[in-house]
Amino acid sequence: MGFAVAQGKPGAVSYRRMLGIQLLALLPVTVVAIVNCGYQYYQGLVRLPGFDADDSRGWLARFLGADSQYPGIYDYLATGVAQLLPMLLLALLVGGLWERIIADRRREPVQPGFVLVALVFVLLMPGAAAFTHIAFGMSCAALLGRGIFGGEGKSFINPALLGVAMVQVSFPAASGVHPLWNGLAGYEGSDAFALYSRGGDAALGEAGIDAWSALIGAVPGQLGTTSLIAVALGAALLLLTRIISWRLLSAQLVGLLLFASLVPVLGGAPEGIAAMPVYWHFLLGSFAFGAVFVACDPAASCCTNPGRWIQGFLIAALLVVIRVFNPVHPLSLIH
């Protein structure tokens, strides 16, 4: 599995083909991210009548013909593109620049994996993330997540995850950067868990969050993490092509089901997040996206079958512990 696949073993695929499949698996997630980003943008405008997004993204949305008075699917698409595309282009530019510098220093060809890192990094960011933060986080991903470990496939942690973590730590108060970040807490993710902790299902309902909207991805959150259906489509492709391990993915899913189910049993009279039904643990936050596109990263995950089961159960256990027992909500990026 993993990078052994790219080295010509029987039934293996080449590295470039594997990269292409990974990007294709992210296509449904990216499409939903664009549409939902535009939808959440206009939901924010409804809550802030008279707000004028007089910035480069707002200008681009208007240039693309988005109608803020009577928005429809095209307007959601145009506005989502205006939000996501500049972020992605900047991440690609910064990542490509660092890859070129590193390749020149080592007298090696540029490694194309930075494209995947840039896309995953952007999908783990909220809409309207500051361009300076994008450049900073992508620089950390390229240099600290890839470059110092020798490049492609040699890092012990997913570079995109490292980049987002560095942004989280460096800009903890970024939630106030844009008034339309409703339902988000800056780079920390969705505040749905905070809502449930305070008021349960009723609080989620008042915020317009139900199981169906969370399933299709019409809820606030980091760009690529809101739709379980889109993530499942990408996961199916990666599993069919054996790019990710079914054991590692299954261990995370079974582990989350097991540990989230045990919390009410072991905790006495549950309240707050401890009383949350198990299905919300799958639907809310970025567990699904993180499980498929971050934790199952072939380069940064375990390469033995027992190790994959252990890694998956540890990820699930840690996630439940943080969600239930961490007094500060919302939670960090893979939660």
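A residue counts as buried when its relative accessible area is under 20%, as exposed when that area is over 50%, and as partly exposed in between. Keep those cut-offs at hand for this tour of a predicted model.

**Stop 1: the whole chain**

Show everything as a cartoon. The protein has 14 helices and zero strands. Follow the chain from its start, and each element you meet is an α in an unbroken run of α-α-α-α-α-α-α-α-α-α-α-α-α-α. The protein has 335 residues, and 51% of them count as buried.

**Stop 2: two helices side by side**

Select residues 15-25, helix α1, and residues 228-240, helix α10. Their axes come within 8 Å and cross at roughly 160°. Angles over 145 degrees count as roughly antiparallel, so α1 is roughly antiparallel to α10. The crossing of α1 and α10 is right-handed.

**Stop 3: the salt bridges**

How many salt bridges does a search of the whole structure find? It finds two. Visit them in turn.

Start with Glu99 and Arg146. Show both side chains. They form a salt bridge, with the closest N and O atoms 2.7 Å apart. Glu99 sits in helix α4, residues 73-106, while Arg146 sits in the loop between α6 and α7, so the pair ties together parts that are 47 residues apart in sequence. Are these two residues buried or exposed? Both Glu99 and Arg146 are buried.

Now select Arg100 and Asp104. Their side chains meet in a salt bridge, at 3.4 Å from N to O. Both residues belong to helix α4. They are four residues apart, about one turn of the helix. Look at the surface around each one. Arg100 has 44% relative accessibility, so it counts as partly exposed. Asp104 is partly exposed too, because its relative accessible area is 47%.

**Stop 4: a nonpolar patch**

Select Leu144, Ile148, Phe149 and Phe156, and switch on the surface. Together these residues make a nonpolar surface patch of about 400 Å².

Finish on Phe156. Where along the chain is Phe156 found? It is in the loop between α6 (131-143) and α7 (159-170). Arg146, from the Glu99 salt bridge, lies in the loop between α6 and α7 as well. Why does Phe156 count as exposed? Its relative accessibility is 60%, and the cut-off for exposed is over 50%. Compare the two stops in that loop: Arg146 is buried, whereas Phe156 is exposed.

Technical notes: Residues are numbered from 1 along each chain as its sequence is written. This is a predicted model: local features need pLDDT of at least 70, side-chain atom pairs count only at pLDDT 80 or more; totals for chains, interfaces and linings use all residues. Side-chain values use heavy atoms; hydrogens and water are left out. Patches are made of residues with over 30% relative accessible area and no salt bridge: like charges are joined within 9 Å, nonpolar side chains (Val, Leu, Ile, Met, Phe, Trp, Tyr) within 5 Å. Accessible areas come from the Shrake-Rupley method with a 1.4 Å probe; for residues, only the protein chains shown count as cover. A salt bridge is a side-chain nitrogen of Lys or Arg within 4 Å of a carboxyl oxygen of Asp or Glu. Buried means under 20% relative accessible area, exposed over 50%, partly exposed in between (1.4 Å probe, protein chains only). Axes are lines fitted to C-alpha atoms, for helices over the stretch in contact, and angles run from 0 to 180 degrees between N-to-C directions. Angles under 35 degrees count as roughly parallel, over 145 as roughly antiparallel, 65 to 115 as roughly perpendicular and the rest as oblique. A crossing is left-handed if the near helix is turned anticlockwise from the far one by less than a right angle, and right-handed if clockwise.
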